[in-house]
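Thanks for coming. I will take a few minutes on one model, and you can follow along on the screen.

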Amino acid sequence: MANSLRGEVLNLYKNLLYLGREYPKGADYFRSRLKAAFLKNKDVKDPEKIKELIARGEFVIKELEALYYLRKYRAMKRRYYDDDK
C-alpha cells in the first residue's frame, strides 16, 4: 500500500511541477513553494493523512487549471472584443 501512495505522491508532484511552468509569478517561484510544501510533509507516515494531502494537491491542480483557462479566456476576449466604454 505504501508503494502505491508513493507513486501517487510522485505523480502529483510531477503534475504540479508541469503546471507550474505557466504560473503568473514565474516557474522558479512556484517550484520553490512546491518543494517547500512537499518537504514540510515528508515525514507523514499515516496513509489516511497522505490521502488527505493528495486530495488537497489534486484540488490545487484543479485551481491552477481554472486559473490558466481564465487567463486564456481573458486574452481571447481582449483580442476579439473592444472595450469601448
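**Helix α2, the pocket and the salt bridges**

Let me start with F30, which sits in helix α2. This is a predicted model, so please hear everything that follows with that in mind. Is F30 buried or exposed? The side is settled by its relative accessible area of 10%: F30 counts as buried, because the cut-off for that class is under 20%. Along the chain, F30 and L12 are 18 residues apart, and 14 Å separates their C-alpha atoms.

L12 comes up again in the pocket. The largest pocket has a volume of about 980 Å³. It is lined by 29 residues, and those closest to the pocket centre are L12, L34, A37, F38 and N41. Which elements give two or more residues to that lining? They are α1, residues 2-19, α2, residues 27-40, and α3. By class, the lining of the largest pocket holds 21 nonpolar residues, six charged ones and two polar ones.

Now the charged pairs. As a general point, side chains of opposite charge can pair when their charged atoms come close. How many salt bridges does a search of the whole structure find? The search finds two.

One of them joins R71 to E22, with 3.6 Å between the closest N and O atoms. This pair links distant parts of the chain: R71 belongs to helix α3, E22 belongs to the loop between α1 and α2, and their positions lie 49 residues apart in the count. R71 has a relative accessible area of 36%, which makes it partly exposed. E22 is partly exposed too, at 44%.

The other salt bridge is between R31 and D28, at 2.8 Å from N to O. How are these two placed in helix α2? R31 and D28 are three residues apart in that helix, so about one helical turn separates them. R31 is partly exposed, with a relative accessible area of 40%. D28, at 57%, is classed as exposed, because that class begins over 50%.

Last, the surface. M76, Y80 and Y81 make a nonpolar surface patch of about 410 Å². Of these, Y81 is found in the segment after α3, the helix that covers residues 47-80. Y81 is exposed, since its relative accessible area is 58% and the class requires over 50%.

To recap: F30 in helix α2 is buried, the largest pocket has a lining drawn from α1, α2 and α3 among its elements, and the R71 to E22 salt bridge links distant parts of the chain. That is what I have; questions are welcome.

Conventions:
Residues are numbered from 1 along each chain as its sequence is written. This is a predicted model: local features need pLDDT of at least 70, side-chain atom pairs count only at pLDDT 80 or more; totals for chains, interfaces and linings use all residues. Side-chain values use heavy atoms; hydrogens and water are left out. Patches are made of residues with over 30% relative accessible area and no salt bridge: like charges are joined within 9 Å, nonpolar side chains (Val, Leu, Ile, Met, Phe, Trp, Tyr) within 5 Å. Accessible areas come from the Shrake-Rupley method with a 1.4 Å probe; for residues, only the protein chains shown count as cover. A salt bridge is a side-chain nitrogen of Lys or Arg within 4 Å of a carboxyl oxygen of Asp or Glu. Helices (H or I, at least four residues) and strands (E, at least two) are DSSP runs, numbered from the N terminus. Buried means under 20% relative accessible area, exposed over 50%, partly exposed in between (1.4 Å probe, protein chains only). On a 1 Å grid over the protein atoms alone, a cavity is a set of points where a 1.4 Å probe fits but cannot get out, and a pocket is an open set with protein on both sides within 12 Å along at least five of seven lines; lining residues have an atom within 4 Å of a point. Grid points are joined across faces, edges and corners, and a volume is the space filled by probe spheres set on the points. Ala, Val, Leu, Ile, Met, Phe, Trp, Tyr, Cys and Pro count as nonpolar, Asp, Glu, Lys and Arg as charged, and the others, Gly among them, as polar.
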